[in-house]
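Biologist: I should like to learn how a model of this kind is to be read, feature by feature. Could we begin with the chain as a whole?

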Amino acid sequence: MSKVIPAPAPTQEPPKTVEPVACRGRMIVREERHAGYQPENHEWRAWLCERDAKCKLIGKDPMTLPLDVLTASGHPSARTSAVIFRLRVAHGVATGEARGDSFLGLQPEDLPKRLTAIRETICLACTGENNLNAWEVRRCAVYDCPAWPFRMGHNPHNPQRGVNRFQKAVSPAEPCRQRFQTGGAAAPGTDLAPPCQTGTGQSASAPARQLASAPAASSTPTASDQEPEHG
Ligand code: SF4
């Protein structure tokens, strides 16, 4: 795994908002090289891509990009059908200009029904036939591809982005667990009483209820208090 050099934050003003992308770039002649493909949202390259240790252009993780950058750079929030339509445009299927790949050989019934399925159905097939190119999908720098923001198997426009439901579910019991592990002493840095003492107490476990009914710890540290914590 090659080391990725964090790209410096773009210093110039953000470019203008572009239309939703569909690989509608054009070939241009560069001064120092032969003609090359210029994506339709090429002004946003510094926001969407970075360079690895070999100075190769790689795409950023879309889940780390601000939503306004994604939206303005041609990757707005969209339905699955709209993304599929733009993919059909990109592959020349919708315009009758299929470029031989026939949309990766997919039949209409095989097309993804969810945005989070685009990675499995489209991107892994795009980078190879054996579906072992997850790292290539992660590095994909075709930032004018409609599937680009969904290539990690997530929808970056999901309102639940960044919310860990399981973390919220276990956090109320955390003070009880720490108190149980430390033998009744409050965990370092936690001055709050555990919910099993402040709430109804019906949901507290048996050890936690025993700890709640135990006499308050004296000012003299006991042997258990002086034992070092493990793990
Ligand atoms: S985002 Fe990249 S890997 Fe996915 S379909 Fe487009 S070009 Fe292929």
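Modeller: Of the 231 residues of the protein chain, 20% count as buried. A residue is buried if 20 or more other C-beta atoms lie within 10 Å of its own, exposed if 12 or fewer, and partly exposed in between, with C-beta atoms placed from the backbone. This is a predicted model, in which local features need pLDDT of at least 70 and side-chain atom pairs count only at pLDDT 80 or more, while totals for chains, interfaces and linings use all residues. Residues are numbered from 1 along each chain as its sequence is written.

Biologist: What average pLDDT does the protein chain have?

Modeller: pLDDT is the predictor's confidence in each residue, from 0 to 100. The protein chain averages 75, and 59% of the residues score at least 70. Over residues 192-231 the pLDDT is below 50, and this stretch has 33 contacts in the model beyond near neighbours in sequence. Two residues are in contact if their C-beta atoms, placed from the backbone, lie within 7 Å.

Biologist: How many helices and strands does the protein chain have?

Modeller: Helices (H or I, at least four residues) and strands (E, at least two) are DSSP runs, numbered from the N terminus. The chain has ten helices and five strands. As to how contacts span the sequence, 59% of those between residues at least 6 apart join residues at least 24 apart.

Biologist: How does one read a nonpolar core, and which residues have the most contacts inside the largest one?

Modeller: A nonpolar core is a set of buried Ala, Val, Leu, Ile, Met, Phe, Trp, Tyr and Cys residues joined through C-beta atoms within 7 Å. The largest here has 21 residues, and those with the most contacts inside it are Val83, Leu87, Ile118, Ile122, Cys123, Ala147 and Trp148. Two or more residues of this core come from each of α1 (45-48), α3 (80-90) and α4. Trp148 touches Gly59, His75, Cys140, Val142 and Tyr143, leaving aside residues up to four places away in sequence.

Biologist: Where on α3 do its buried residues lie?

Modeller: An α-helix has 3.6 residues a turn, so residues three or four places apart point the same way. In α3 the buried residues are Val83, Ile84, Arg86, Leu87 and Ala90. Seen down the axis of α3, they fall within an arc of 160 degrees, so they line one face of the helix. The arc is that of the directions from the helix axis to the C-beta atoms. The cover over these buried residues includes α4.

Biologist: Which residues of α4 are buried, and against what do they pack?

Modeller: Ile118, Arg119, Ile122, Cys123 and Leu124 are the buried residues of α4, and they pack against α3 and α5. Arg119 counts as buried because it has 21 C-beta neighbours inside 10 Å. Its contacts, not counting residues up to four places away in sequence, are Leu124, Val137, Phe150, Arg151, Met152 and Gly153. Arg119 and Arg151 are 32 residues apart in sequence, yet 4.7 Å apart in space, C-alpha to C-alpha. Leu124 also has 21 other C-beta atoms within 10 Å, and its C-alpha atom is separated by 6.8 Å from that of Val137, 13 residues apart along the chain.

Biologist: Which residues surround the ligand?

Modeller: A residue is near a molecule or strand if its C-beta atom, placed from the backbone, lies within 6 Å of it. Around the ligand are Ile122, Cys123, Cys126, Thr127, Val137, Cys140, Val142, Cys145, Ala147, Trp148 and Arg151. Helix α4 (residues 118-127) gives the most to this shell, with four residues. The shell divides into nine nonpolar, one polar and one charged. Here Ala, Val, Leu, Ile, Met, Phe, Trp, Tyr, Cys and Pro count as nonpolar, Asp, Glu, Lys and Arg as charged, and the others, Gly among them, as polar.

Biologist: How should a positive phi be read?

Modeller: Most residues other than glycine have a negative phi. Cys23 has a positive phi of about 55 degrees although it is not a glycine. Cys23 lies in the loop between β1 (4-5) and β2 (26-29), and is partly exposed, with 18 other C-beta atoms within 10 Å. Cys55, likewise not a glycine, has a positive phi of about 65 degrees. Its place is the loop between β4 (49-52) and β5 (57-59), where Cys55 counts as exposed, with 7 C-beta neighbours inside 10 Å. A glycine case is Gly92, just after α3, with a positive phi of about 75 degrees.
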